[in-house]
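Colleague: Please take a close look at the cysteines of this model, and then carry the account on to whatever else can be described around them.

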Amino acid sequence: MGHFEHQRHKFRTGLTRPRELIVACAPMRSNVNISQIARTASACAVEKMIICGNASLIHKIARDATSQLTISTHRSLGPVLKKLKADGYAIVGIEQTSNSQNIHHFSFKCRSVLVVGNERLGIKEDILELLDEVIEIPVWGMPHSYNAASAANMALYEYCRQFPEG
């Protein structure tokens, strides 16, 4: 049996270049979800996050995310996504749709925006029309979908798995 010594808060893994991933969240009902997404985005070395509506972070949940993560707040997501698309970003939504791709078989582009929908409504039709790709995370049990923050966190981790150095 191996010997394991508990280590907390190991120094972060270095990147060879900054991540070119932006997280964009539709207006959400829960600041807990926004805060969990921000914490994971920051832990994944994402530098930019877009939030909409009246969302705000709960610092006890987001922890140190605000020290490394630039968060911009906008009234709506559509104009921001159009600008990012014009700047060369691939716009990727997490949603269950007729043509969504299983995340297990999806290859992110390095320069991507990950769009996270509302907890109850998902990604609205006007935003779905702006997406280049839609990914879906398989669900094997009940309920039929993951919490918005859980799905975002899984997608963030998958992006980092595909681009471990930035």
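**Cysteines, the largest pocket and one helix**

Modeller: The number of disulfides, a disulfide being a pair of cysteine sulfur atoms within 2.5 Å, comes to zero. This is a predicted model, in which local features need pLDDT of at least 70 and side-chain atom pairs count only at pLDDT 80 or more, while totals for chains, interfaces and linings use all residues. Residues are numbered from 1 along each chain as its sequence is written, and side-chain values use heavy atoms, with hydrogens and water left out.

For C44, the closest cysteine sulfur belongs to C160, and no bond is counted because the separation of 3.6 Å is too far. C44 has a relative accessibility of 10% and therefore counts as buried, where buried means under 20% relative accessible area, exposed over 50% and partly exposed in between, with a 1.4 Å probe and protein chains only. C52 is likewise in no disulfide, since the nearest cysteine sulfur, in C25, lies 8.1 Å away, and with a relative accessible area of 1% C52 is buried.

C44 also leads to the largest pocket, which holds about 1,000 Å³ of space. On a 1 Å grid over the protein atoms alone, a pocket is an open set of points where a 1.4 Å probe fits, with protein on both sides within 12 Å along at least five of seven lines, and its lining residues have an atom within 4 Å of a point. There are 27 such residues, and C44 is among the closest to the centre, together with R12, S42, A43 and A45. Two or more lining residues come from each of α1 (31-43), α3 (65-68) and α6 (148-162), helices being DSSP runs of H or I of at least four residues and strands runs of E of at least two, numbered from the N terminus.

Turning to helix α4 (residues 78-86), its buried residues are G78, V80, L81 and L84. These residues lie on the same side of α4, because they cover an arc of only 160° around the axis, taken from the directions from the helix axis to the C-beta atoms. The face turned away from that buried side carries the exposed residues P79, K82, K83 and A86. Among the elements covering the buried residues of α4 are the strands β1 (21-25), β2 (48-52), β3 (70-74), β4 (90-94) and β6 (112-116), as well as the helix α5 (125-128), contact meaning heavy atoms within 4.5 Å. Just after α4, G88 adopts a positive phi of about 100°.

Conventions
Points joined across faces, edges and corners; volume = space filled by probe spheres on them.
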